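Q: I would like a close look at one position in this chain. Please start from that residue and then work outwards to the rest of the fold.

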Amino acid sequence: MTWNNEWNKWINYRELKSELKKMNDVAECEREDAFYKQLEFGTGGMRGELSAGPNRMNIYSIRKVTAGLAKYIERNGIEPKRRGVVIAYDSRHQSSEFALEAAKTLGMHGIKTYVFQELRPTPELSFAVRYLRVYASNMITTSNRE
């Protein structure tokens, strides 16, 4: 499948409609970079520019990767689902929105989820993992770039 086919699939995603409209005005090579592949995990987690497209960070990439975590937890039985996941976020652009999106996705899989009500540093998330005895955790820390 070419990047253009992927672009055509995305143009109907309502949550990113204004972002996609802006992308109509950028150089074709920038659109191609956003749509030619899936964003991948690296040693520091999943990193990418905030924008529309499968090679960018957005609510769809958050949902996709969280659904993968949910499937992994489900494969390991009832106990991991009951123990759940704790999610924290920092003060950067869209971190709190992405944290809630991740929590909704886990909830759709019946996985108990804890979300901090306000921003927290990563060491506090580490403490919460041990204190709550959760099965997994997720630290949302996005770029300030739009």
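What is the relative accessibility of Lys71, and does Lys71 count as buried, partly exposed or exposed?

A: Lys71 has a relative accessibility of 47%, so it counts as partly exposed. The cut-offs are these: buried means under 20% relative accessible area, exposed means over 50%, and partly exposed is in between, with a 1.4 Å probe and protein chains only.

Some ground rules. This is a predicted model, in which local features need pLDDT of at least 70 and side-chain atom pairs count only at pLDDT 80 or more, while totals for chains, interfaces and linings use all residues. Residues are numbered from 1 along each chain as its sequence is written, and side-chain values use heavy atoms, with hydrogens and water left out.

Lys71 is found in helix α4. Helices (H or I, at least four residues) and strands (E, at least two) are DSSP runs, numbered from the N terminus. The C-alpha atom of Lys71 is separated by 9.3 Å from that of Leu106. Along the chain, these two residues are 35 apart.

Helix α4 also holds Val65. At 26% relative accessibility, Val65 counts as partly exposed. Leave aside neighbours within four places in sequence, and Val65 is in contact with Phe41 and Met46. Contact means heavy atoms within 4.5 Å. Gly48 is 17 residues from Val65 along the chain, and their C-alpha atoms are separated by 13 Å.

Next comes helix α6, residues 95-108. Ala103 lies in α6. Its relative accessible area is 15%, so Ala103 is buried. Neighbours within four places in sequence aside, Ala103 is in contact with Ile87, Thr113 and Val115. The C-alpha atoms of Ala103 and Arg63 are separated by 9.3 Å, with their positions 40 residues apart along the chain.

Ser95 lies in α6 too. Ser95 is buried, and its relative accessible area is 0%. C-alpha to C-alpha, Ser95 and Thr141 are 5.8 Å apart in space. In sequence they are 46 residues apart.

Gln94 has its place in the loop between β3 (85-89) and α6. The backbone here deserves a check. Gln94 has a positive phi of about 70°, although it is not a glycine. Most residues other than glycine have a negative phi. Gln94 is partly exposed, at a relative accessible area of 31%.

Arg133 has a positive phi as well, about 55°, and is not a glycine. Arg133 lies in the loop between α7 (122-132) and β5 (136-140). Its relative accessibility is 61%, so Arg133 counts as exposed.

Now back to α4, this time as a packing partner. Helix α1 (residues 3-10) has four buried residues listed: Trp3, Glu6, Trp7 and Trp10. They cover an arc of only 105° around the axis, which puts them on the same side of α1. The arc is that of the directions from the helix axis to the C-beta atoms. An α-helix has 3.6 residues a turn, so residues three or four places apart point the same way. The buried residues of α1 pack against α2 (17-23), α3 (28-35) and α4 (59-75).

Helix α3 has a buried side too. Arg31, Ala34 and Phe35 are buried there. Seen down the axis of α3, these residues fall within an arc of 85°, so they line one face of the helix. The buried residues of α3 pack against α1 and α2.

Finally, the whole chain. There are 7 helices and 5 strands. Along the sequence, the pattern is α-α-α-β-β-α-α-β-α-β-α-β. Buried residues make up 36% of the 146 residues. Take the contacts between residues at least 6 apart in sequence: 64% of them join residues at least 24 apart.

Size comes next. The radius of gyration is 16 Å, which agrees with the value near 15 Å for a compact globule of 146 residues. This radius is taken over C-alpha atoms, and the globule rule is 2.2 Å times the number of residues to the power 0.38. Along the principal axes, the C-alpha atoms fill a box of roughly 50 × 30 × 30 Å.
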